[in-house]
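Colleague: I have a structure open and want to talk through its charged pairs and one of its helices. Can you take my questions as they come?

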Amino acid sequence: MSPQNPPRASSSPFHRRPWLLQNGAAAAAGGGNKGVKGIIAGGITGGIEICITFPTEYVKTQLQLDEKGAAKQYEGIGDCVKKTVKNHGFFGLYRGLSVLLYGSIPKSAVRFGSFETFKGMVVQPDGSLSPGNRLLCGLGAGVCEAIFAVTPMETVKVKFINDQRSANPRYKGFFHGVGIIIREQGFGGVYKGLTATMMKQGSNQAIRFFVMESLKDAYKGEDKSKPVPKWLVGLFGATAGAASVFGNTPLDVVKTRMQGLEASKYKNTLDCAIQIWKNEGALAFYKGTVPRLGRVCLDVAITFMIYDSFMDLFSKVWP
């Protein structure tokens, strides 16, 4: 009787973490194709979400750029919408949309890819994350997102919206506007406000992923493979979005000022925050909170619902 052959070592990178083969992002993404599927799912999600919510982002940015005194243009959300439509038509509310569309795929890829990478490094044996690691993984994802995608995208977007406020707008389109910015300010012109953006995105994703992972974990209880209904994913996403708005709107205001056309009057991010505090008061740090709250809640809810749906679909039709 011939001796049995010894068991062969598994070549899977998850052989020591079998739960990653059964559930979670590794399973949903189909192993090695996770990054590609994440980019495609994130890009589709980002495009749909931006088209739905961009007008609220536009109004929020206009209100944050609006200063006190003689230069003040708007009396509130309704007045901003009314004047924009009157002066530029309905599609004036979509000025700068192309910038976000062009940046949606890399932004989503970096965000979700970074989070899953960091999560894989610290995940517990049952596939869950400790509260501290949820924050750290989200923070890392936000910082990566800020450096590789959000800062240049947001800088150009804010400059486009700010340009429309002038009597004679200079930017005729995305590539024309980017060309002018780089020609006049150099490549660094699209990286204005990097520090503020890293702080904003880092806190954003730390809060959102922490809330989302915590709510999912609470719903699943002891059964970590239990699927979460998509409508509940949307509700969890809206909750996570609201938490991030109240947690980091002051950083968003500073970031917006640092990326505007008048950013040169601030020495740095700290100086910008000090000047806002001295000249406009503490409430100025919460400008645009209401329109941002509506946009972000819808944004995060849509993002997680559609992203999860496409990843589930890909796991079935794209092994």
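**Salt bridges and a bent helix**

Colleague: How many salt bridges does the structure hold?
Modeller: There are nine salt bridges in the structure. Keep in mind that this is a predicted model.

Colleague: Which residue does Lys230 pair with?
Modeller: Lys230 forms a salt bridge with Asp312, and their closest N and O atoms are 2.7 Å apart. The pair links distant parts of the chain, with Lys230 in helix α9 and Asp312 in helix α11 (residues 289-317), 82 residues apart.

Colleague: Lys230, buried or exposed?
Modeller: Neither; Lys230 is partly exposed, at a relative accessible area of 28%. Asp312 also counts as partly exposed, with 30% relative accessibility.

Colleague: And what does Arg257 meet?
Modeller: Its side chain meets that of Glu280 in a salt bridge, 3.0 Å from N to O. Arg257 sits in helix α9 and Glu280 in helix α10 (residues 269-280), 23 residues apart. Both Arg257 and Glu280 are buried.

Colleague: Which pair lies within helix α4?
Modeller: Lys83 and Asp79, four residues apart in α4 (residues 77-88), which is about one turn of the helix. Their side chains form a salt bridge at 3.3 Å, N to O. An α-helix has 3.6 residues a turn, so residues three or four places apart point the same way.

Colleague: Back to α9. What does it span?
Modeller: Helix α9 (residues 230-259) spans only 36 Å between its end C-alpha atoms, while a straight helix of 30 residues would span 44 Å.

Colleague: Where does α9 bend?
Modeller: At Asn248, by about 65 degrees. A proline, Pro250, follows within four residues.

How values were computed:
Residues are numbered from 1 along each chain as its sequence is written. This is a predicted model: local features need pLDDT of at least 70, side-chain atom pairs count only at pLDDT 80 or more; totals for chains, interfaces and linings use all residues. Side-chain values use heavy atoms; hydrogens and water are left out. Helices (H or I, at least four residues) and strands (E, at least two) are DSSP runs, numbered from the N terminus. The expected span of a helix is 1.5 Å times one less than its number of residues. The bend at a residue is the angle between axes fitted to the seven residues ending there and the seven starting there. A salt bridge is a side-chain nitrogen of Lys or Arg within 4 Å of a carboxyl oxygen of Asp or Glu. Buried means under 20% relative accessible area, exposed over 50%, partly exposed in between (1.4 Å probe, protein chains only).
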